[in-house]
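This report is a guide for a reader who meets the structure for the first time. Please consult the sequence and the three-dimensional view while reading.

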Amino acid sequence: MKANILIVGVGGQGTLLASRILGALADLEGSDCKLSEVHGMSQRGGSVVTNVKIADEVKSPIIGLRDADIIMAFEKLEALRYTNYLKKGGVIVVNDQEILPMPVITGARKYPEHIVEDLRERAGKVIVVPALAIAEEIGNLKTVNVVMIGALAKNLGIPFEKIDAALKAAVKPKLYEVNRTALQRGYDIG
Amino acid sequence: MKKLMLGNEAIARGAYEAGVKVVSAYPGTPSTEVSECIARYDEVYAEWAPNEKVAFEVAIGASFVGARSMVCMKHVGVNVAADPMFTAAYTGVNGGLVILAADDPGMHSSQNEQDTRFYARSAHIPMLEPSDSAEAKEFTKLAFELSEKYDTPVFVRTTTRLAHSQSLVETAERREVPLRPYVKDVSKYTMMPSSAIGRHVAVEAREDKLAADVNFFDVNREEMNDPSLGIVCSGVVYQYVKEALPEASVFKLGVVYPLPFGRLRDFASKVERLVVVEELEPFFQNQLKANGIDCEGKNLFSKQGEISVADIRLKLLGEKLDVEKQDLPVRPPVMCAGCPHRGVFYILNKLKVTVSADIGCYTLGAQPPLCAVDTVVCMGASVGIAHGFEKAAGREQSKRTVAVIGDSTFIHSGITGLINAVYNKSNITLVILDNSTTGMTGHQQHPATGLTLKQEPAKILDIVALCKTVGCDSVRVVDSYDLAEVEKTLKEELAADGVSVIVAKRPCALLDRNYPAPCTVSDCRKCGMCFKLGCPAIEKQADGSAKINASLCVGCGLCEKVCKFGAIKEG
Ligand SMILES: Cc1ncc(C[n+]2csc(CCOP(=O)(O)OP(=O)(O)O)c2C)c(N)n1
Ligand code: SF4
Ligand code: SF4
Ligand code: SF4
């Protein structure tokens, strides 16, 4: 397996767990893998990026401009912000959720309209996932990240059993069941 | 079996395997997780110290008495620890002593972009720099060996990208290292002029020997390939170089101080063009040039920020990427919904005072819409700066000046500034934002939280009693959420002469997450007051009215207090 996956979102959305599930997946595949994360900013609400690189041999842990095969975005504006990192024809898996940044909250700026259309112009393929709505149905808002992983896995052509095993390896046992439901729901619509 | 590990976790693992016995540190991004990871090993004593200087001295003590010890800090922490560090280079060690110093090119989470490699050179302390997690572990073990072999503290330097990236690591068993016998030796451990003169000679001799020996270290590695381009690099930049220029010849430095000039000269003679690719200062480049090895470097790459693969391809291959200019609303980090600091900054902004602030989550009080910070320099500086304002501009200025500091930062280095203010008859007002944690760096314990790094119960430093004891004229405690009380107390203390301390108490909103129900808005009069709080849960609708995002609101009630129209109700 070979992929550069850029996970973007808003601090507090659980991008770290998502990257760790992908790390566990690389481990199961026996591939080399490097992850690069953002730490130490306890405050929520900032733009955050996590890099996941899987290949036979990975050098730099960082995904550069025009270097990502896939962008997995937990928030729409963040998807748009990082499109310069996508390779020509790359895939964007985007959560259909808007979180207003401070300049929008204070009325200094407007939240961009037509983001999904803009993404479609810039990517080979865009998959929109109503991850928040699904997480609400499941009854656990923290599962947004795992719904997204499900949708991503389907698009990477990863068999469900495999991504399920990676999930199991990455989450605490008592959280596995609810997250498995989330994974399945994401996989089904991916 | 190989396991994915964070660079910081791998350093902790390396120290563990090397038989480290004592680790002391003060948190600081991107070094914090080293201590957090090592605290999980029962065989290792690990602690949070109140600051880096103390941590360093603890590690020196452990080393003198014969144990392998380590001290960890971010780059600016090295400034704080520099005093014991420079002289520890003279005393040398007994048990191996390793200094983990984490630089932050690009300032992901720092107030400056200093390059710690210069400390290695000016203090005459050797420095290793790993390029991935596997090396992070191995280099840490090597650092302990070199420390004992050459009788010197040894630096392991990381940068943010190494510290916070995960890659595969093969673990090994811990090797227990018994205490080396401690023998009283005034000429070595008692640094006063008569003995230090001799030790200075020893330092130079050791450095000369090491400078010769590093030419034979296999962590300094030549990778000959196409001779038309030779690159000198170290750390994570090596990975960028290998990805950007797979054809180039590379000299990878594992020891970044002292440099292996013999081998570098040999490498330079074998390549047609020699380029140093290093982040921050031209540390290698200038030394190569001073040793008569001609090279390029900072004529191509910036001294600011990080270097990327794309940068290297652009500068050395002329490959330009096609990227689009964007103008999107930025998304800076903000104080969390319910942050106890928010109300205090709201009042400071309302009172239009000058605020000498400090370093922590509350530094975000500088940003719109709060905009209530005038100065931030380094940890602890808020107190001294306010005192300097008063001594230079007088009482009229100090009636409009407030110093603001967090609890962890106050203990780190604010207390000495406060003692100075009392001693020198200042008239300052200091607010200590006591949120019962070191929030900024990810919620570490400190001497006033009642728990240690190993999560064991500890005595609780009484900040109020401490301020009284040092002689402050007034010490008052307020609830950070009680805006009226915060405002009234601030006004009274600004008017009062002498040194006043106001301890604003409320735990960080992320500590205990049993939140009350979210607030709601009805019949909003669009006056805009609540937006001035900068709470991420309060959203401005297109028609100018306020809406509270129930999934973010933690029901702190601040907005209810600022709404004069009673439009906001607690849930
Ligand atoms: C010398 C030094 N050491 C460490 C740091 C990293 N650092 C930044 S703020 C901070 C502490 C913040 O804690 P506190 O003052 O309690 O404020 P809070 O973030 O909890 O609001 C630390 C450790 C630094 N900037 N400088
Ligand atoms: S982590 Fe705590 S102290 Fe820091 S911004 Fe959030 S609530 Fe405030
Ligand atoms: S109560 Fe008001 S100020 Fe507090 S978190 Fe909720 S919206 Fe923000
Ligand atoms: S303060 Fe009250 S009336 Fe004014 S905008 Fe906010 S909710 Fe509306």
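## Buried cysteines and the absence of disulfides

B:C72 is buried in this predicted model, and its relative accessible area is 1%. The closest cysteine sulfur to that of B:C72 belongs to B:C37 and lies 10 Å away, which is too far for a bond. A disulfide counts here as two cysteine sulfur atoms within 2.5 Å, so the 10 Å between B:C72 and B:C37 does not qualify.

The search of the whole structure, over all chains, returned zero disulfides. A disulfide is a covalent bond that joins the sulfur atoms of two cysteines. Another cysteine, B:C559, is also classed as buried, because its relative accessibility is 7%, and the limit for that class is under 20%.

## Surroundings of the ligands

B:C559 appears again beside ligand 3, where it is listed among the nearest residues together with B:C535, B:C553, B:C556 and B:G557. The shell around ligand 3 holds 14 residues. By class, 11 of these are nonpolar and three are polar, and there are no charged residues.

Ligand 4 is surrounded by residues of chain B that include B:C524, B:R525, B:K526, B:C527, B:G528, B:M529 and B:C530. Other members of this shell are B:A546, B:C563, B:F565, B:A567 and B:I568. The shell contains nine nonpolar residues, one polar residue and two charged residues.

Ligand 2 is placed between chains A and B. Among the 12 residues around ligand 2, those that come nearest are B:C336, B:C339, B:C361, B:N435 and B:C508. Seven residues of this shell are nonpolar and five are polar, with no charged residues.

## Domains of chain B

Chain B is divided into four parts: domain 1 (2-216), domain 2 (221-317), domain 3 (341-505) and domain 4 (520-569). The centres of domain 1 and domain 2 of chain B, taken over C-alpha atoms, are separated by 25 Å. Domain 1 of chain B contributes 30 residues to the contact between them, and domain 2 of chain B contributes 29 residues.

## Nonpolar cores

In soluble globular proteins, nonpolar side chains tend to be buried together. The largest nonpolar core in this structure has 67 residues, and the members that touch the most others are B:F345, B:L348 and B:F410. This core takes at least three residues from each of domain 3 (341-505) and domain 4 (520-569) of chain B.

What does B:L348 touch, leaving aside residues up to four places away in sequence? The contacts of B:L348 are B:V353, B:V355, B:A372, B:V402, B:V404 and B:L490. Another core, of 43 residues, lies apart from the largest one, and its members include B:M85, B:V232, B:L253 and B:F284.

## Cis peptide bonds and positive phi angles

Two peptide bonds that precede prolines deserve attention. The bond from B:T29 to B:P30 is cis, with omega near 5 degrees, and B:P30 is located in the loop between β2 (22-25) and α2 (32-38) of chain B. The bond from B:P368 to B:P369 is also cis, again with omega near 5 degrees. B:P369 belongs to the loop between β14 (354-356) and α15 (381-398) of chain B.

B:Q455 is not a glycine, yet its phi is positive, at about 65 degrees. This residue sits in the loop between β16 (429-434) and α17 (463-469) of chain B, and its relative accessible area of 49% makes it partly exposed. B:K526, likewise a residue other than glycine, has a positive phi near 55 degrees. B:K526 is found in the loop between β19 (520-521) and β20 (538-540) of chain B, is partly exposed at 46% relative accessibility, and is one of the residues around ligand 4.

## Separation in sequence and in space

The loop between β19 and β20 of chain B also holds B:S522, which is partly exposed with a relative accessible area of 35%. B:S522 and B:G566 are 44 residues apart in sequence, and their C-alpha atoms are 8.7 Å apart in space.

A second pair begins in helix α4 (residues 75-91) of chain B, which contains B:T87. B:T87 counts as partly exposed, with 33% relative accessibility. B:T87 and B:E319 are separated by 232 residues in sequence and by 48 Å in space, from C-alpha to C-alpha.

Methods. Residues are numbered from 1 along each chain as its sequence is written. Chains are lettered from A and ligands numbered from 1 in the order in which they are written. This is a predicted model: local features need pLDDT of at least 70, side-chain atom pairs count only at pLDDT 80 or more; totals for chains, interfaces and linings use all residues. Side-chain values use heavy atoms; hydrogens and water are left out. A residue is near a molecule or strand if one of its heavy atoms lies within 4 Å of it. Ala, Val, Leu, Ile, Met, Phe, Trp, Tyr, Cys and Pro count as nonpolar, Asp, Glu, Lys and Arg as charged, and the others, Gly among them, as polar. Buried means under 20% relative accessible area, exposed over 50%, partly exposed in between (1.4 Å probe, protein chains only). A nonpolar core is a set of buried Ala, Val, Leu, Ile, Met, Phe, Trp, Tyr and Cys residues joined through side-chain atoms within 4.5 Å. Domain bounds come from an automatic or database domain assignment. Contact means heavy atoms within 4.5 Å. Helices (H or I, at least four residues) and strands (E, at least two) are DSSP runs, numbered from the N terminus.
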